[in-house]
Amino acid sequence: WINRAVADPSPLLKQVGSLSCSVNPNPRHTLKQHSTMKISALPLLLASGVTGFLPTVPTPHTNGAIRLQASIPLSTDYDVIGGNEETSAMSMSSITASENPRVGVLMLNLGGPETSDDVEGFLYNLFADPDIIQLPGPLSPLQPLIAWFISKRRAPKSREAYESIGGGSPILKYSNEQARLIAESIQQKYGLQVKTYIGMRYWYPFTEEALDQIQKDNIEALVILPLYPQFSISTSGSSLRVLQEDFSKHSAKYKNMVHTVVPSWYDRPGYVQAMVDLLTEELDSFTEEELEEQRQVGDGTMKPRHVLFSAHGVPKSYIEAGDPYQTQMEECVQKISEKLPDDVGVHLSYQSRVGPIEWLRPYTDDVLPGLGEQGVRNLVVVPISFVSEHIETLEEIDIEYRELAEESGITNWRRCPALNTYSGFVDDMAELVMEALAEPAQTVTEACVANRVRDVELQPLDERLGINTAGVQGVGGDFGDGNLLLRDQERLIARVAMVGVALTIFLEFINGKSILQVFGV
């Protein structure tokens, strides 16, 4: 194997029967080790110095074989399992003891307030995330103060938006249903029983709560599945950072659990086809009268049906720093578009921008008036980066953007539903989980490094405050010039608060007593 001290692996070969192993260099200076063993149960092999071990279950693609994978640092000096009789016997004992593997699937999502009373707390958690507002090192202790200020400022307007869609976000309801159906699909199609968990980033059930339950259930192998098709530092990256920190701080808790991450899945044929299915249904709903209305516009050469993929935006600075989101989004739209009829015009825009800085262009609220001016009458809007309905589909698209489209002359509006519990999507996610169990493992840390989670530098402090004081998730975003003065005032207040805290700390340090005692209080 890898350890050159292992002179004779024959004891392992005698007990296992067959073994294949390949070692390849990795750009992040790790080695990937794979071995295939003809056994019928999910093993849990623990080796000192080996991280990211992923034992996997039989699938139709492996003819009943179980593959073991591990990510091994180049500098690690360890004894490979199978190096001697004692180790081999011990590993086989653990294999034969695991006839009923405990496999879990942790599904990560943003979260959302379930009632109007939850809105302010949700906003606070959002803005307290350093991936949303990342302060310079010396000012990082002020993050809670700034989060409190912005959440107080934005809560009333955001609460109104949630009231317009029934008082709360349905994202947890859909996520729970997706988890249940995926588990059922895996059981029915592959005969494997898995437990599913929901980990929300900014509201209940939090990721930490899911991890606690995973520990209580003694899960041995965990597939981590962000419910974001495309990877971004602000979505999947933020959730994976929480996991990475918890795994690092409490490594002893997870010594009997192995995991793998699926960072993105925007290019999966099954996912692409599910999007095409839902989109085609909306395209086919245009009546002959509506198609004729489009033909009468201009010189009659315009395509009779149009699709606008409206993706969640991110600040341009994220992309410039290496975030793969824009590239993955464009590739995803291209794959879907290739399956659409030739008489469909395709457009891509980005929604939910807030604040005065530049986000990914073109903006949805700029594209819609432009399409109207071009004479587009039949339009299907597709929430491409969302797998379930929530505030950005139900309020921002269905209410705000529809009103803007109709004012711009787009008379025949359609909106493609989010994937939600569509069977094609559910079945593809079930297959994705099984493939993740059968493929080489990618740990949380590896996923973070590969996607530059820790390398992204966000915009300067003033601009970051400008982004977030205007709204959240596209809710309550004010873009007019009339709000510039208010934003300047908010910046000034935030600066004064920072200076005040810094001055207080300085005075207490100089005098060796609290600021109240300095002034005789």
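These are my notebook entries on a predicted model, taken one topic at a time.

**Entry 1: backbone oddities**

I started with the peptide bonds. Which ones did I note as cis? One runs from Tyr204 to Pro205, with omega near -10°. Another joins Arg361 and Pro362, where omega is about 0°. As a reminder to myself, most peptide bonds are trans.

Then I looked up where these prolines sit. Pro205 is in the loop that links strand E6 (194-200) to helix H6 (207-216). Pro362 is in a loop too, the one between strand E10 (344-351) and helix H12 (364-374).

Next came phi. Most residues other than glycine have a negative value. Ser352 goes the other way, with a positive phi near 70°. I found Ser352 in the loop between E10 and H12, which is also where Pro362 lies. Is Ser352 buried or exposed? Ser352 is buried, at a relative accessible area of 3%.

Asn420 also has a positive phi, near 45°. I traced Asn420 to the loop between strand E12 (412-415) and helix H14 (423-438). Its relative accessible area is 10%, so Asn420 counts as buried, the cut-off being under 20%.

**Entry 2: the kinked helix**

I spent a while on helix H13, residues 391-407. Where does H13 bend? I put the centre of the kink at Ile397, and the kink is about 35°.

I checked which side chains of H13 are tucked away. The buried residues are Ile391, Glu392, Thr393, Glu395, Glu396, Ile397, Tyr401 and Ala405. So the residue at the centre of the kink, Ile397, is on the buried list as well, because its accessible area falls under the 20% cut-off.

What do the buried residues of H13 pack against? I listed helix H4 (143-163), strand E9 (305-312), E10, H12, strand E11 (378-382) and E12. After H13 comes Gly409, and its phi is positive, near 100°.

H13 also holds a charged pair. The side chains of Glu406 and Arg402 form a salt bridge, 3.1 Å from N to O. These two are four residues apart in H13, so about one helical turn separates them. That fits what I know of helices: there are 3.6 residues a turn, so residues three or four places apart point the same way. Glu406 is partly exposed at 43% relative accessible area, and Arg402 is partly exposed at 36%.

**Entry 3: other salt bridges**

How many salt bridges are there? I count 20. In general, side chains of opposite charge can pair when their charged atoms come close.

I picked out Asp129 and Arg201, whose side chains meet at 3.2 Å, N to O. Asp129 is in the loop between helix H3 (119-127) and H4, while Arg201 is in the loop between E6 and H6, so their salt bridge ties together parts 72 residues apart in sequence. I looked up both ends: Asp129 is buried at 2% relative accessibility, and Arg201 is buried at 16%.

Another one pairs Arg295 with Glu288, at 3.1 Å from N to O. Arg295 is partly exposed, with a relative accessible area of 35%.

**Entry 4: nonpolar cores**

In soluble globular proteins, nonpolar side chains tend to be buried together. How many residues are in the largest nonpolar core here? I get 80. The residues with the most contacts inside that core are Leu106, Ile224, Leu240, Trp265, Leu279, Ile336 and Ile384. H14 supplies the largest share of this core, nine residues. Another core lies apart, with 22 residues, including Leu110, Val119, Leu135 and Tyr162.

I followed up on Ile336. Leaving out residues up to four places away in sequence, Ile336 touches Val272, Met275, Val276, Leu279, Phe309 and Ile384.

**Entry 5: cysteines and a loop**

How many disulfides turn up in the whole structure? My search found zero. I did look at two cysteines: Cys416 is buried at 0% relative accessible area, and Cys448 is buried at 4%.

Last, I looked at Thr287, in the loop between helix H8 (269-283) and helix H9 (288-295). Thr287 is partly exposed, at 34% relative accessible area. I also checked Thr287 against Asn412: they are 125 residues apart in sequence, and their C-alpha atoms are 9.8 Å apart in space.

Technical notes: Residues numbered from 1 in each chain as written. Heavy atoms only, no water. Buried < 20%, exposed > 50% of the residue type's maximum accessible area, 1.4 Å probe, protein only. Disulfide = S-S within 2.5 Å. Bend = angle between axes of the 7 residues up to and from the residue. Contact = heavy atoms within 4.5 Å. Core = buried A, V, L, I, M, F, W, Y, C linked by side-chain atoms within 4.5 Å. Salt bridge = Lys/Arg side-chain N within 4 Å of Asp/Glu carboxyl O.
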